[in-house]
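User: Hi! I am new to reading protein structures. Could you walk me through this one?

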Amino acid sequence: MKKTEKISLGGLAFIVEYDAYAELESYLAEIHECFRNDASADEILEDIEVRIAELLREKCKEGMVANLEMINEIKKRIGDPKELAGQEESETDVVTEEETAGEPKRKSLKDRRLYRNTDDRMLAGVCSGLSIYFNLDKVLFRLAFLIAFCLGFFEAEDGLFGLSVLTYIVLWIAMPAARTVEQKCEMRNRPIDLKEFKTKENRFGREINETVSSPAFRTAGRIFLTIIGLIMIILGLGGFLSTIVFPSIPELIENYLIPDSLIGEEIIIGKIACDPTFWWMIFGVIGLGSLGMMYGGIMLCFDFRSPSWRPGLVIFILWIVSILVLASWILHEVAEQLPMIV
Amino acid sequence: MRRGVLEYSILLILSAGDEYASSIIQKLKEVNIIVAEGTTYPLLIRLKKLGLLNYRWEESPQGPPRKYYMITELGREQLSGLDAAWEELSEGIESIRKNSSRTK
């Protein structure tokens, strides 16, 4: 199964498979590049596009999907882009030969441009971009910022906190993000060649929006949730352990807490409090609640997925049921006892 | 040289009648003058710029309007000049070929 793209080619509508689309797009880009120096480049490209559309319509009727094979067949018929440009090619070759003759082959530092590398970023791609420019490991830059940040945060060094944060932000603003293929080539000082347009890394990089879904924030979120989960586990455990004593409470209350004479509503409360059933139900309510807490905490802390029978939901429902049972029991008891007092 | 021959062929085809780009390409392919269809488009545009041919837009049943090419007066003049040049050239080449085969 493949993803598709809807395109308009030479005025005709097609649905093409994703890889076929990419191939076609890079083919057209190559042709455009080859006719770069021609004044009528746009018109030529338009005419060729119309021809490609004609050929594609023959192979791919309405309602069908165009695939890579069709595109490749069409490419064979239309021809290799360099061939199409004909004599132009030899002219540009001469020019570039002269230009590069006197320069060193290796990628010199001054020819690179400082861009943020958003394809391989933690936060904004600042460190990644710096690492490309200076040809050093990006981990070094990240460590530098983090250490400065931590030292400043824990006030080991005066003003380092502000300095590190400010420096990062300044770099974030000043360094543009390398988004287009040309920019990415400038960042690494690679010649802006036709084959660069084809590489997947250059084209489909990382199509996510800035900051909000950056890895740094995702990790921070994870840590936060883990801590919350841990707290929930502890609370749940505590609550659960405390319920163990519940069944024995009625005895305690009866023997030590109830004064000898009770009046009015106090009788009802006393009666309820001494009833073991009551405490069993409280045990149920608090026990299930604590169990739910522990379960939720474990899920959050260790980032598990719920099993298909959804224990969390089951525990929650049982908990609600136990509360309802408790409430109705209390009401029932009160209703029973009331006439006796009045 | 290929390009020159190709331009000559296009003018020849259009002198016989007006054509769409696709049928020009088909005729050229039939006699094996071209292999890559894309080479014709830059030439068609170049010839139009030189005023040797022209086009108008024709409605087509399936889709957008297409270019319908025709040769111009200037084109016909150029064509007769090219005819003469071609005859000269081919006679010259033929005689060289005959000469070289005799010595074999």
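**Aromatic rings and other features**

Analyst: Let's start with one ring: Tyr21(A) is partly exposed, at 25% relative accessibility. Buried means under 20% relative accessible area, exposed means over 50%, and partly exposed lies in between (1.4 Å probe, protein chains only). This is a predicted model, in which local features need pLDDT of at least 70 and side-chain atom pairs count only at pLDDT 80 or more, while totals for chains, interfaces and linings use all residues. Residues are numbered from 1 along each chain as its sequence is written, chains are lettered from A and ligands numbered from 1 in the order in which they are written, and side-chain values use heavy atoms, leaving out hydrogens and water.

User: Which aromatic pair do Tyr18(A) and Tyr21(A) form: stacked or tilted?

Analyst: Rings of Phe, Tyr and Trp (its six-membered ring) pair if their centres lie within 6.5 Å; planes under 30 degrees apart count as stacked, over 60 as edge-to-face and the rest as tilted. Over all chains there are 14 aromatic pairs. Tyr18(A) and Tyr21(A) are stacked, with 6.4 Å centre to centre and 5° between the planes. They sit three residues apart in helix H1 (residues 18-34) of chain A, so about one helical turn separates them. Helices (H or I, at least four residues) and strands (E, at least two) are DSSP runs, numbered from the N terminus.

User: What sits over the ring of Tyr18(A)?

Analyst: A charge sits over a ring if NZ of Lys or CZ of Arg is within 6 Å of the ring centre and within 35 degrees of the ring normal. Here the charged end of Lys3(A) is 5.1 Å from the centre of the Tyr18(A) ring. In chain B, Arg66(B) does this over Tyr20(B), at 4.3 Å.

User: In what order do the three strands of the chain B sheet come?

Analyst: Two strands pair if DSSP finds at least two bridges between them. The open sheet runs S1-S3-S2, with antiparallel pairing. Strands S1 (19-20) and S2 (53-58) of chain B are the edges, each pairing on one side only. S1(B) meets S3(B) (residues 66-71) over two bridges, and Tyr20(B) has Tyr68(B) as its bridge partner.

User: How many disulfides does a search of the whole structure find?

Analyst: A disulfide is a covalent bond between the sulfur atoms of two cysteines. The search looks for a pair of cysteine sulfur atoms within 2.5 Å, and it finds zero over all chains. As for single cysteines, Cys34(A) is buried at 18% relative accessible area, and Cys301(A) is buried at 9%.
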